[in-house]
Structure formats: structure tokens, C-alpha cells
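Student: Please pick one part of this model and take me through it closely, contact by contact. After that, connect it to the rest of the chain.

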Amino acid sequence: MASKNMITSTFISLTLILSSCIIPLVSDANQSINIGHRVTVELINSIEVDLTIHCKSKDDDLGFHTVPPNKSYQFGFKPSLIRFITTLFFCSFDWPGEKYNNHYLDVYHQDRDTCIFCSWKIYRDGGKMLNPQTGKYEFNYTWN
């Protein structure tokens, strides 16, 4: 039978090993601008008719929202703290008179986006994301 000292020594060793694995993951994750912060996504209807928006993530369905021209829909969330689980929100965009509806965009992808306020203008051919450094909508994305 193992002695108390050997069990205690093994426990301390395992604790130190686990701590050395977990602490770097947490400290690296906290250096990202999004970790621990709430992110807001804004979707501005830049089409001249009502726009129906339906946003989802793997875990959340935000439902359908009708947005009039030049108005916006916003939602917020906290990105994943776990390094290998990436937060992704994607939305479908539909409007009357369009032959092929169900246009999709990834409006937030944790591996791609560093914004805390992620603003998009939605057009018939895709979306333009705000560049926070210039204040202009210059990142162009076509439908998925």
C-alpha cells in the first residue's frame, strides 16, 4: 500500500502539471481583445425595401426580424473563452422581389473578427463591414 507521503507527493505533482497547462491557455486567451468583453453586431439595411434577417449560432437562434430601409438590427453576446471553441454567428437575409432568397453571411467569426462593435451595411450583393481604424465600411463580403 502506498504511503501518505507518496500519495501527497503525487497529488502535488499532478496539480502542478495541470496548472502549468491551464494557466498559459487562460493568460493567452485574455490577451485577445474580444475575450471577456461583450460583442455587439449591428446590421444596417442598405436595401430600399424591408429586409428580413434571421441570425443564429450553434447554440442560439435569434429569430426573424424585419428591418426597414436605413434602419438596423443589433444583438450582443460574449465570445467563447475556450481557445478551441470558436464563436460564429451567421445570418440569412431575404427581401421581397428577389428571385433567390436566403442570402447568408458570417457576421461574426471569432477567428476573423477583432471588433467589439461589429457594424455591417447589407446590400443586394453582400455586406460591407466597418473598418474601425478608418470609420468606413470597406471590408466587402459576398454571400456565402
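**A loop and its surroundings**

Tutor: A polar contact of 2.7 Å joins the side chains of Asp 113 and Arg 112; the term means an N or O pair within 3.5 Å, one atom able to donate a hydrogen and the other to accept it, with sequence neighbours counted only through side-chain atoms. The model is predicted, so to speak of local features requires pLDDT of at least 70 and of side-chain atom pairs pLDDT 80 or more, while totals for chains, interfaces and linings use all residues. Numbering starts from 1 along each chain as its sequence is written, and side-chain values use heavy atoms, without hydrogens or water.

Asp 113 belongs to the loop that runs between β6 (103–109) and β7 (117–123); strands are DSSP E runs of at least two residues and helices H or I runs of at least four, numbered from the N terminus. Asp 113 is counted as buried because its relative accessibility is 5%; the limits are under 20% for buried and over 50% for exposed, with partly exposed in between (1.4 Å probe, protein chains only). Its partner Arg 112 also lies over the face of Tyr 141, 4.8 Å from the ring centre. That label needs CZ of Arg or NZ of Lys within 6 Å of the centre and within 35 degrees of the ring normal.

Gln 110 is in the loop between β6 and β7 too. Gln 110 is buried because its relative accessible area is 16%. A polar atom of the Gln 110 side chain lies 2.9 Å from the backbone nitrogen of Thr 87. The C-alpha atoms of Gln 110 and Thr 86 are 5.7 Å apart, although 24 residues separate the two in sequence.

Tyr 141 leads from this loop to the ring pairs, which come to 8 in the model. Two rings of Phe, Tyr or Trp (six-membered ring) pair when their centres lie within 6.5 Å; planes under 30 degrees apart are stacked, over 60 edge-to-face, and the rest tilted. One of these pairs is Phe 75 with Phe 89, tilted, at 5.1 Å centre to centre and 50 degrees between the planes. This pair connects distant parts of the chain, with Phe 75 in strand β4 and Phe 89 in strand β5, 14 residues apart. Both rings belong to buried residues: Phe 75 has 8% relative accessibility, and Phe 89 has a relative accessible area of 3%. Trp 120 and Tyr 141 also make a tilted pair, because their ring centres are 5.2 Å apart and their planes stand at 55 degrees. Here Trp 120 sits in strand β7 and Tyr 141 in strand β9 (residues 136–142), 21 residues apart, so that distant parts of the chain are linked. Trp 120 is buried at 0% relative accessibility, whereas Tyr 141 is partly exposed at 27%. A cluster joined by ring pairs contains Tyr 73, Phe 75, Phe 77, Phe 89 and Tyr 108.

Phe 75 leads on to the interior. Leaving out residues up to four places away in sequence, Phe 75 touches Val 39, Thr 40, Val 41, Leu 43, Cys 55, Leu 62, Phe 89, Cys 91 and Val 107; contact means heavy atoms within 4.5 Å. Phe 75 is also listed with Val 41, Leu 43, Ile 53, Phe 93 and Val 107 as touching the most other members of the largest nonpolar core, which has 24 residues. Strands giving two or more residues to this core are β1 (39–45), β2 (51–56), β4 (72–77), β5 (88–94), β6 and β7. Such a core is a set of buried Ala, Val, Leu, Ile, Met, Phe, Trp, Tyr and Cys residues joined through side-chain atoms within 4.5 Å.

The loop between β1 and β2 holds Glu 48, and Glu 48 is exposed at 57% relative accessibility. Its side chain makes a polar contact of 2.6 Å with that of Arg 124. The C-alpha atoms of Glu 48 and Asn 70 are separated by 7.9 Å, with their positions 22 residues apart along the chain. The charged end of Lys 128 sits over the ring of Tyr 123, 5.7 Å from its centre.

As for the whole chain, the secondary structure comes to 1 helix and 9 strands, in the order α-β-β-β-β-β-β-β-β-β. Of its 144 residues, 31% count as buried. Among contacts between residues at least 6 apart in sequence, 52% join residues at least 24 apart.
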